[in-house]
Every structure is written in C-alpha cells, then in structure tokens.
Amino acid sequence: MDVFDDKSEKNNSAEPSKNRMSNSYKHIKGIIFDMDNTLLQSSIDFQTMKEETYSFLVEQQILPEGLSLQQYTTSTIIEEAVATNRMTSELLQAMWEIPVKHEVAGMDGAVLESGVTELLEKLHGSYHLAVVTNNSVKAANAALRDNGIIHYFDHIAGREQMRSLKPSPDGFVFILDCYPNTSARDWLSIGDAWIDGKASESAGIEFIAYRADVEKMKKAGVFPRKYFNHIGELMKLLT
C-alpha cells in the first residue's frame with residue numbers, strides 16, 4: 001500500500017509560528033480537513049458505491065439481504081462485513097475494488113471548493129494542517145497534487161492508516177499521534193458529512209460542519225460547534 005507517497009519531507013511536527021489576535025480559538029494549533037466535498041468538489045457516486053458494495057457482500061453470503069441501506073454508508077457496511085470474521089483476504093481485495101473504482105471515476109477532474117486555496121495560504125505556517133479521508137492515500141495524494149494544494153498539508157491519513165474507517169475516530173487518532181506535544185483540544189476539524197463529525201467528536205476534537213445536512217447530523221447524534229456555507233468562514237472564526 002502507498003503510505004504518504006512523496007510527502008515524507010512534509011511530515012514535520014515542529015510547532016508552527018502563530019501571530020493571531022486574541023480570540024476564543026487562540027489555543028488552536030491544528031486543523032483536520034475532510035477531502036471529498038470539503039476541500040474538493042467530488043463527483044463520487046456514493047449511493048451507487050454503497051449499493052454495489054452491499055450487493056457484492058450479499059452475493060458472497062457475508063451480509064443478509066434486506067438491510068435498510070438508508071442507515072448505512074459504504075464504510076459502515078464494510079465494518080459490518082469485517083465484523084462477521086468471514087472475510088478472507090481474497091474477498092477483502094475483491095470488495096475494495098468496488099469503492100476504488102468509484103473513487104477513481106469520481107475524483108477524475110475534481111476541482112477545489114471555492115476559497116480553498118486562499119484559506120490554506122492564510123493558514124499555512126500558522127497551524128498544523130492535515131487531511132483525514134476514507135479514500136486511499138494514493139487517490140488522495142493524486143487529487144490534492146493535481147489541484148496544487150498537497151504542499152500545504154503535513155499529513156494525509158487515508159484508509160491505510162485506519163483500522164476502521166470514519167465514523168471511527170482512527171484517522172483522527174493517527175493524526176493526533178503525529179503531534180505528541182498537542183492534545184485533542186488543540187485541534188479543530190471540518191467536514192461535510194455526519195461520519196466526519198462522529199469521528200472527530202469521538203476523538204475529542206471540536207467539529208465544524210461545512211455545507212452539511214443539518215437533519216442528518218442531528219439524526220446521527222452529531223452536534224457541530226458551527227455550520228459554515230463557505231470554507232473561508234473558518235478564517236473569520238480563527239482571527
């Protein structure tokens with residue numbers, strides 16, 4: 001598996017410099033971003049990805065028919081399958097080919113969300129910046145590199161760094177472990193989906209929702225500190 005790709009020279013846990021006016025977020029040292037539909041305008045067909053993954057697992061008699069897919073994401077379906085302890089290495093490989101196929105198609109030609117470059121330029125050097133995504137590190141690195149923003153990030157955590165995908169907090173814990181001189185309260189995270197919020201909150205990191213479905217957040221028991229409609233609002237919060 002590709003781990004951190006060509007990012008090794010960026011993995012620097014030194015304290016960033018900070019010249020900020022006093023505010024309620026003056027203690028923040030790092031920010032974790034989701035990737036799809038937070039940094040990038042992804043066209044990944046998550047619904048079809050979920051349905052095809054589930055169909056494969058039913059065909060292989062790993063999961064039962066009739067699950068209410070509205071209550072699941074692809075990642076939680078995969079967790080259900082793994083929890084059966086009946087997934088061989090061959091089945092795991094075949095199963096992962098399904099989301100990979102959709103990730104590659106959906107990230108092809110993906111462009112940045114409005115205001116992302118300007119935000120990262122302002123944050124870079126003043127905060128630790130990281131990405132946590134359920135995508136593979138290879139796919140994430142390629143998408144961020146193609147859009148010219150990969151150099152802003154110290155660490156990119158994909159599914160290779162997680163025992164369990166979001167909504168598990170594993171990816172966030174991985175990032176925290178990269179910075180032993182910080183604690184969860186020193187970080188913020190921002191993402192568009194309830195699984196981002198659940199993972200962040202489970203790791204003890206304050207969550208901000210970006211262009212999120214408020215009702216889905218509530219139903220999932222996720223209560224973001226703030227809701228933003230433009231990524232640039234994060235800078236206003238910090239200054």
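This briefing describes the two largest pockets of the structure and the residues that line them. The model is predicted, so that local features need pLDDT of at least 70 and side-chain atom pairs count only at pLDDT 80 or more, while totals for chains, interfaces and linings use all residues. Residues are numbered from 1 along each chain as its sequence is written, and side-chain values use heavy atoms, with hydrogens and water left out. A pocket is an open set of points, on a 1 Å grid over the protein atoms alone, where a 1.4 Å probe fits and protein lies on both sides within 12 Å along at least five of seven lines; lining residues have an atom within 4 Å of a point.

**Largest pocket**
- The largest pocket holds about 1100 Å³ of space, a volume being the space filled by probe spheres set on the points, which are joined across faces, edges and corners.
- Its lining has 37 residues, and those nearest the centre are Phe46, Thr73, Ala193, Trp194 and Ile195.
- Helix 1 (46–59) is among the helices (DSSP runs of H or I, at least four residues, numbered from the N terminus) and gives the largest share of this lining, four residues.

**Second largest pocket**
- The second largest pocket has a volume of about 650 Å³, and of its 28 lining residues Val100, Glu103, Ser136, Arg159 and Glu160 are the closest to its centre.
- Helix 3 contributes the most to this lining, with nine residues, while helix 2 and helix 5 (137–146) each supply at least two.
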